[in-house]
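Subject: Structure handover

Hello,

Here is the structure you asked to take over. My notes on what was found follow below it.

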Amino acid sequence: MTKDLFDTVRVGTLTLPNRLAMAPMSRSRADDRGCATSLMARYYAQRATAGLIITESIHPSERGRSHLATPGLHSAEQMRSWREVTGAVHAAGGRIFAQLAHGGRIGHPILYSDGGVPVAPSAVASGGMFRTADNVLFDHPVPRALLTGEVRDVVAEFETAARLAVEAGFDGVELHGGNGHLIHQFLGDNTNLRSDGYGGSAANRIRFAAEVVEAVAEAIGPHRTAIRLSPGNPYNGMEEAFPASVYACLLDALPRELAYLHIVEWESRTLVEMLWQRWNGVFMLNPRSGTLPRFAGAFGSVEGAFDALGCADVVSLGGLWLSNPDLPARIRVGGPFAEPDMGTVYRGGHRGYDDYPML
């Protein structure tokens with residue numbers, strides 16, 4: 001059956017009015033307590049005509065934080081702050097999932113109240129840099145390898161954050177398993193050097209991801225649970241020599257009742273098509289296409305979105321949503337499409353955030 005971007009589609013218990021999702025993109029507008037703000041509520045509500053909005057990365061614990069001015073969901077105060085965002089999106093007729101992301105080794109002691117080092121599957125630094133509010137760069141430190149019992153504690157952090165997300169009014173959560181964050185680090189060749197039940201074979205390396213999904217799905221329901229993966233993505237110093245075998249193993253371990261599986265296309269369309277054929281649930285694709293700069297692992301062009309429907313149920317786009325808050329309406333009439341001011345992406349404040357005009 002031929003699909004169209006403006007067909008409805010069932011995702012969990014939601015009926016999306018179109019197949020166009022807003023990909024998760026960090027914007028660095030949270031306050032210093034990790035709370036969402038009224039400015040963020042306005043930004044997301046402006047984009048409520050998306051079939052589904054997926055928020056910027058939200059850390060499930062203080063140690064899971066990876067950047068400044070990013071929001072969290074591990075305190076009652078943070079949870080209450082998100083109610084303004086979800087309420088604004090729902091009032092505008094939209095649907096919104098919270099993306100939960102633990103940074104793992106790409107964090108920095110500056111971010112933590114105890115000044116400790118980040119945690120990760122193994123004590124291997126990313127080779128990347130942390131940027132301060134004053135634009136000073138520091139090397140990501142060598143992280144501390146999680147003990148086996150601590151891995152289970154991190155699973156519990158995701159579960160708690162998911163419960164808080166539902167309490168905050170989110171329609172569901174997307175677990176960030178790509179872009180070099182903690183779940184991805186357990187999957188990677190160069191980041192998981194463990195010798196316990198979480199390392200070694202593909203079956204062991206996928207175990208953390210599978211346990212997080214299982215715990216969250218049990219806590220809030222599989223229909224409210226999704227996961228995002230980026231097979232072969234080298235971002236944040238990741239190496240994956242044979243992603244097809246690892247991700248096929250992971251997909252086989254995931255419940256098909258999940259709201260959706262979200263894949264970022266980094267390698268060939270062949271790998272995407274293999275995963276699409278292996279997964280018989282709802283499949284969301286963030287296609288590798290377009291002339292806009294890659295933004296936080298969120299690609300996509302209008303042409304690429306229509307093409308991606310050949311192997312996806314829902315298509316997520318990234319950069320186009322920054323400067324086109326009414327993107328579905330613009331696609332319907334063939335544009336025009338505004339280009340984002342990339343200099344304001346992480347700067348904070350109103351400019352380049354909630355001031356892009358509608359048609």
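A cavity, as the word is used here, is a set of grid points where a 1.4 Å probe fits but cannot get out. Keep in mind that this is a predicted model.

With that meaning, the search of the whole structure finds one cavity of 30 Å³ or more. The space in the largest cavity comes to about 30 Å³. Its lining consists of Pro-231, Ile-263, Val-264, Glu-265, Trp-266, Glu-267, Ser-268, Leu-271, Val-272 and Leu-275. By type, these lining residues are seven nonpolar, one polar and two charged. Two elements each supply at least two residues of this lining, namely strand 12 (260-264) and helix 8 (269-278). The largest share, three residues, is from helix 8.

Next, the open space. The largest pocket has a volume of about 930 Å³. It is lined by 39 residues, and those closest to its centre are Ser-26, Ser-28, His-67, Leu-68 and Tyr-346. Strand 4 (52-58) and strand 7 (129-131) are the elements that give two or more residues to the lining of the largest pocket. Strand 7 makes the largest contribution there, three residues. The lining of the largest pocket divides into 17 nonpolar, 17 polar and five charged residues.

The last item is a strand. How many residues of strand 10 are buried? For strand 10, residues 172-177, the count is six of six, so the strand is mostly covered, where buried means under 20% relative accessible area. In a regular strand, side chains alternate between the two faces of the sheet. In strand 10, Gly-172, Glu-174 and His-176 point one way, while Val-173, Leu-175 and Gly-177 point the other way. Residues on both sides are buried, the charged-type Glu-174 included.

Strand 10 also has two pairings to look at. Strand 5 (residues 96-100) runs parallel to strand 10 and is joined to it by four bridges. Within this pairing, Ala-98 has Val-173 as its bridge partner. Strand 11 (residues 225-229) pairs with strand 10 as well, again in the parallel sense, over five bridges. Here His-176 of strand 10 stands opposite Arg-228 of strand 11.

If you want a place to start in the viewer, go to His-176, which is buried and faces Arg-228 across the pairing with strand 11. From there, move on to the lining of the largest pocket, beginning with Ser-26 and Tyr-346, which are among the residues closest to its centre.

Regards

Definitions and conventions: Residues are numbered from 1 along each chain as its sequence is written. This is a predicted model: local features need pLDDT of at least 70, side-chain atom pairs count only at pLDDT 80 or more; totals for chains, interfaces and linings use all residues. Side-chain values use heavy atoms; hydrogens and water are left out. On a 1 Å grid over the protein atoms alone, a cavity is a set of points where a 1.4 Å probe fits but cannot get out, and a pocket is an open set with protein on both sides within 12 Å along at least five of seven lines; lining residues have an atom within 4 Å of a point. Grid points are joined across faces, edges and corners, and a volume is the space filled by probe spheres set on the points. Buried means under 20% relative accessible area, exposed over 50%, partly exposed in between (1.4 Å probe, protein chains only). Two strands pair if DSSP finds at least two bridges between them.
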